[in-house]
Amino acid sequence: MRIMVTGGLGFIGSQMVRWILEQVPDVDILNVDALTYAGNPANVEEYAHDARYRWVQASIADRAQLEPWFADQAVDAVINFAAESHVDRSIQSGAPFVVTNVLGTQVLLELARQYHVPRFLHVSTDEVYGSLGPTGQFRETSPLEPNSPYAASKAAADMVVLAASRTYQQDVVITRCSNNYGPYQFPEKLIPLFVTNGLEGRPWPLYGDGRNVRDWLHVSDHVRAIWDVLTRGKSGQIYNIGGHTEKSNWEIAEDLRAILGLPASVVTMVSDRLGHDRRYAMDAQKITKELGWEPRIPWQQGIRDTVAWYQNHEDWWRPVKSGAYREYYRQQYGEGNPDSGVRNS
Ligand code: NAD
Ligand code: TDX
C-alpha cells in the first residue's frame with residue numbers, strides 16, 4: 001500500500017509518518033512537503049534512508065509539481081496535513097493561508113480524483129466551529145463559524161472537500177481535532193513556546209486574561225484516530241477528535257511551572273490576540289461509538305513526557321528557534337513558501 005502524506009515534515013504529519021512506518025506492514029510513504037518555515041526534515045530523519053519512505057519537495061497548491069507523483073505512482077490514499085497552521089501568523093498575513101489551505105486542498109483533491117485514489121482524508125480542526133461560551137461542546141453537525149483567517153481557510157477547505165463528495169461521489173473523510181501537544185511541535189505554539197522559553201530563562205507571554213480554554217490531546221492519540229478514520233471511517237463523513245482535557249491557558253502555565261520548577265513571575269500578561277476564541281470543546285462520541293477510538297495518554301503523563309522531550313532535545317529546538325535550521329535547509333533545498341516573518345518571543 002502506498003500512502004501520500006502531505007505536510008509530513010511538520011509536527012503532526014511527521015508523527016503520522018512515524019506511526020505508519022512503525023505500525024503498518026507492507027506500506028510505503030510519499031511525503032509531499034513544501035518545506036516552509038514549519039517543515040523540518042529532522043522531524044523524520046530516522047527514515048531518511050528507509051526504502052519505504054520518500055520526501056518530495058512540492059507545494060500542494062502547485063498542480064504541475066504534484067501531478068507527476070500521482071501519474072507515476074499508484075497512490076492508495078492521501079492524508080492531507082499540509083497547511084499554514086498558526087493563528088497569529090494568519091492575523092498578520094492571511095493570503096498564504098488561503099493559497100495552501102484552500103487552493104492546495106482543491107488541487108490535491110482534483111488530482112486524487114483524476115488518478116482514482118481510493119480514499120482522501122482531510123485533516124481539519126475544531127477551530128472551524130468558532131468559539132463556545134462556558135458550556136456546551138462542538139458536534140459534527142455544529143455550524144461552521146470560524147473567526148480567525150486561519151480558521152476561515154480551514155473551514156473553506158472542509159467545504160471544498162465535502163463538495164467533492166457530494167458532486168463527484170469522491171471518497172473523502174474529514175477529521176476535526178482539538179489542540180495537539182507533544183514532541184516536535186514548532187515553538188511558536190503555546191506549549192513548546194513556554195517550555196523552551198522556560199529552559200532559556202525567558203518570560204511566558206500569556207494573552208489577555210489567560211482564561212481562554214482549549215481541549216488538549218497528545219499527538220500520538222491524534223494520529224491513531226486518523227488511521228482509524230482512514231481505514232474504517234465512512235465515506236463522506238466528518239469525525240470529531242478530542243482529548244476530554246479542557247484547560248485554560250492559565251492552568252497550562254501553572255502545570256508547566258510545577259513541572260519545570262519556575263516562579264509565578266515567569267508569566268507575563270500581554271495584550272490579547274485579535275478575535276481570540278474563548279473556548280473550544282469537542283464532543284467526540286461519534287468516533288468512539290463507530291470506530292472504538294478513545295484517547296489513551298492522560299494529560300499528567302503526556303505533559304510530563306513532553307516537557308522531558310524538550311529538555312532532552314535541545315539539539316532539535318535551539319536551531320529551530322534561532323532560525324539556523326532554516327538557513328541550513330534553505331541552502332540545501334531552497335524554500336517552498338514565503339515566511340510571513342512573524343516571530344514570538
Ligand atoms: P505544522 O505547521 O507543524 O506543519 C505544517 C507542514 O505543512 C510543514 O511541514 C510545512 O512545510 C507543510 N506545508 C505548508 N504549506 C505547504 C504547501 N503549500 N505544500 C506542501 N506542504 C506545505 O502544522 P501541524 O500543527 O502539524 O498541523 C498539521 C495539520 O493539522 C494542519 O492541517 C492543521 O490545520 C491541523 N491541525 C493542527 C492542530 C494542532 O494543534 N497543531 C489541531 C487540529 C488540526
Ligand atoms: O504566546 C502565546 N500565548 C498565549 O496565551 C501563544 C502562542 C498562545 N497563547 C494562547 C492562545 C490560545 O488561546 O494559547 C492558546 C493556544 O494557542 P496556540 O498554541 O497558538 O493554538 P491555537 O490558536 O489554539 O490553535 C491550535 O489548535 C488548533 C493550532 O495552532 C491550530 O493549528 C489548530 O487548528
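## Close-up views of the two ligand sites

**View 1. Strand β5 in the shell around ligand 1.** β5 contributes 3 residues to the shell around ligand 1, the largest share. The model shown is predicted. In total, 29 residues surround ligand 1. Those closest to ligand 1 are I12, D33, S85, Y150 and K154. By class, 14 residues of this shell are nonpolar, 13 are polar and 2 are charged.

**View 2. Backbone contacts to ligand 1.** Polar backbone atoms of F11 and I12 each pair with an oxygen atom of ligand 1. The distance is 3.0 Å for F11 and 2.8 Å for I12. I12 is also listed among the closest residues to ligand 1. At A34, a backbone N or O atom lies 3.1 Å from a nitrogen atom of ligand 1. On its own, ligand 1 has 840 Å² of accessible area, and the protein covers 97% of it. Two or more residues of the shell come from each of α1 (11-23), β5 (119-125), α5 (149-168) and β7 (179-181).

**View 3. The shell around ligand 2.** Ligand 2 is surrounded by 19 residues. T125, E127, Y150, R273 and H276 are the closest of them. Y150 is thus listed among the closest residues for ligand 1 and for ligand 2. The shell around ligand 2 consists of 7 nonpolar, 7 polar and 5 charged residues. Helix α6 (190-200) and strand β8 (204-207) each provide at least two residues of this shell. β8 gives the largest share, 3 residues.

**View 4. Polar contacts to ligand 2.** Two side chains and one backbone position are shown with oxygen atoms of ligand 2. A polar side-chain atom of Y150 is 2.5 Å from an oxygen atom of ligand 2. In the side chain of R273, an N or O atom lies 2.6 Å from an oxygen atom of ligand 2. From Y207, a polar backbone atom is 2.9 Å from an oxygen atom of ligand 2. The protein covers 94% of the 660 Å² of accessible area that ligand 2 has on its own. Y150 and R273 are both listed among the closest residues to ligand 2.

Definitions and conventions:
Residues numbered from 1 in each chain as written. Chains lettered and ligands numbered in written order. Predicted model: local features only at pLDDT ≥ 70, side-chain atom pairs only at ≥ 80, totals over all residues. Heavy atoms only, no water. Near = heavy atom within 4 Å. Polar contact = N/O pair within 3.5 Å; in protein donor to acceptor, adjacent residues only side chain to side chain. Areas by Shrake-Rupley, 256 points an atom, 1.4 Å probe, with all protein chains shown as cover. Helix = DSSP H or I, 4+ residues; strand = E, 2+ residues; numbered from the N terminus. Nonpolar A, V, L, I, M, F, W, Y, C, P; charged D, E, K, R; others polar.
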